[in-house]
Amino acid sequence: MRNNYFIEGLQGAGKTTLVRTLSALLPDHKVFREGDYSPVELAWCAYVTKEQYDVILTEYAPLAKEIGQKTFIEGERRIICYTQILTDIPKFHKNLEKFEIYNGNLDKDAFESVILERFGRWDGEGQIFECSFFQNIIENQMLYLMMTDEEIIDFYRKLKSVLEVKPYRIIYLDVADIRGAVDVIRKERSDDNGNELWFPMMTAFVEASPYGKKHGLTGLEGLLSHLERRRALEHRIIDGVFAENTTVLKSKDYKPEEILA
């Protein structure tokens with residue numbers, strides 16, 4: 001049975017590059033990126049009931065065909081890969097964002113139930129996932145559900161149990177210099193006129209969260225504080241729960257042969 005790979009690390013760690021490299025090394029593996037319909041992850045996807053789906057189709061009737069093409073059925077739920085739908089209709093993407101499982105849209109128990117159920121049902125092989133194991137799940141738990149580190153670690157113990165007989169490996173890109181990585185990504189993710197795109201969005205995400213508000217996280221220093229806590233927590237999860245399933249590489253400083261070592 002072919003192994004599955006989860007590519008993880010902080011923003012700016014080089015995950016997208018690693019996914020491309022790993023895909024070239026394993027051309028028979030299928031890649032799932034954020035926003036794709038994935039068997040395990042729901043980033044940038046609306047997770048709705050049939051009733052909610054019917055309302056969305058009525059409200060956005062001009063997009064009904066496109067919505068249908070980007071919708072997948074899982075039991076009583078409909079999953080809409082809404083960020084893959086191009087439209088000028090005002091607030092379409094913002095309104096469907098409310099149906100994501102992240103950003104505190106579900107309470108702790110409901111959120112964990114969805115994640116554990118989908119990972120438990122998953123029986124894939126030969127698959128590569130970007131940001132499907134730590135990033136989106138942990139940021140929701142930290143920033144919006146306001147879970148403690150111990151509560152988050154306990155969740156990952158449950159996830160480890162669910163994955164017990166499944167073939168997988170986590171490849172974690174470790175960022176030692178978080179401030180430097182943020183500086184690089186700020187430059188890389190700017191438009192042709194030098195206007196920053198990623199940084200204002202990311203700082204607003206942290207600032208607007210319940211955790212950010214409670215702890216006064218603002219601007220660059222607030223973002224760095226969050227990312228430093230997240231890095232420390234992810235290392236605790238790797239060392240304490242997934243050590244035998246994880247390869248840790250230095251961000252942007254590894255050899256291709258180390259990836260599958």
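**Exercise 1. Determine how strand 4 and strand 5 pair, and place them in their sheet.**

Step 1. Strand 4 and strand 5 (residues 77–80) are joined by 4 bridges in the antiparallel sense. Two strands count as paired if DSSP finds at least two bridges between them. Helices (H or I, at least four residues) and strands (E, at least two) are DSSP runs, numbered from the N terminus. The model is a predicted one, in which local features need pLDDT of at least 70 and side-chain atom pairs count only at pLDDT 80 or more, while totals for chains, interfaces and linings use all residues. Residues are numbered from 1 along each chain as its sequence is written, and side-chain values use heavy atoms, with hydrogens and water left out.

Step 2. Within this pair, F72 stands opposite I79 of strand 5.

Step 3. The sheet is open and antiparallel, with 3 strands in the order 3-5-4. Strand 3 (46–49) and strand 4 (71–74) lie at the edges with a single partner strand each, so one side of each has no neighbour in the sheet. From one strand to the next, the twist averages 25°. Axes are lines fitted to C-alpha atoms, for helices over the stretch in contact, and angles run from 0 to 180 degrees between N-to-C directions.

Step 4. Helix 2 (residues 50–59) packs on this sheet and touches strand 3, strand 4 and strand 5. Contact here means heavy atoms within 4.5 Å. The direction of helix 2 makes about 110° with that of strand 3.

**Exercise 2. Describe the parallel sheet and state which strands form its edges.**

Step 1. This open sheet has 5 strands in the order 2-6-1-7-8, and the pairing is parallel.

Step 2. Strand 2 and strand 8 (246–250) are the edge strands, each pairing on one side only. Neighbouring strands are turned by 20° against each other on average, direction ignored.

Step 3. Strand 2 runs parallel to strand 6 (residues 127–130), and 3 bridges join them. The bridge partner of V31 in strand 6 is I128.

**Exercise 3. Locate the salt bridges of R2, E112 and R121, and classify the accessibility of the residues involved.**

Step 1. A salt bridge is a side-chain nitrogen of Lys or Arg within 4 Å of a carboxyl oxygen of Asp or Glu. By this rule the count is 18 salt bridges. For accessibility, buried means under 20% relative accessible area, exposed over 50%, and partly exposed in between (1.4 Å probe, protein chains only).

Step 2. R2 and D28 meet through their side chains at 3.5 Å, N to O. This pair links distant parts of the chain, 26 residues apart: R2 is in the segment before strand 1 (4–9), and D28 is in the loop between helix 1 (15–25) and strand 2 (30–32). R2 is partly exposed at 33% relative accessibility, and D28 is partly exposed at 45%.

Step 3. E112 forms a salt bridge with K108, with the closest N and O atoms 3.5 Å apart. Both residues lie in helix 5 (residues 108–121), 4 residues apart, about one turn of the helix. E112 is buried at 5% relative accessibility, whereas K108 is partly exposed at 29%.

Step 4. R121 pairs with E117, the closest N and O atoms being 2.8 Å apart. R121 and E117 both lie in helix 5, 4 residues apart. R121 is partly exposed at 43%, and E117 is partly exposed at 39%. A network of salt bridges links E74, E117, R118 and R121.

**Exercise 4. Identify the residues that touch the most other members of the largest nonpolar core, and examine the contacts of I237.**

Step 1. A nonpolar core is a set of buried Ala, Val, Leu, Ile, Met, Phe, Trp, Tyr and Cys residues joined through side-chain atoms within 4.5 Å. The largest core has 39 residues, of which F6, F119, F133, F134, Y156 and I237 touch the most other members.

Step 2. Helix 5, helix 6 (135–144), helix 7 (149–162), strand 7 (168–174) and helix 11 (219–240) each supply at least two residues of this core.

Step 3. Not counting residues up to four places away in sequence, I237 touches F134, I138, I152, I153, Y156 and F242. A second, separate core of 30 residues includes L22, V182, I185 and L223.

Step 4. The axes of helix 6 and helix 7 come within 10 Å and cross at roughly 145°. In their contact, I137, I138, Q141 and M142 of helix 6 meet I152, F155 and Y156 of helix 7.
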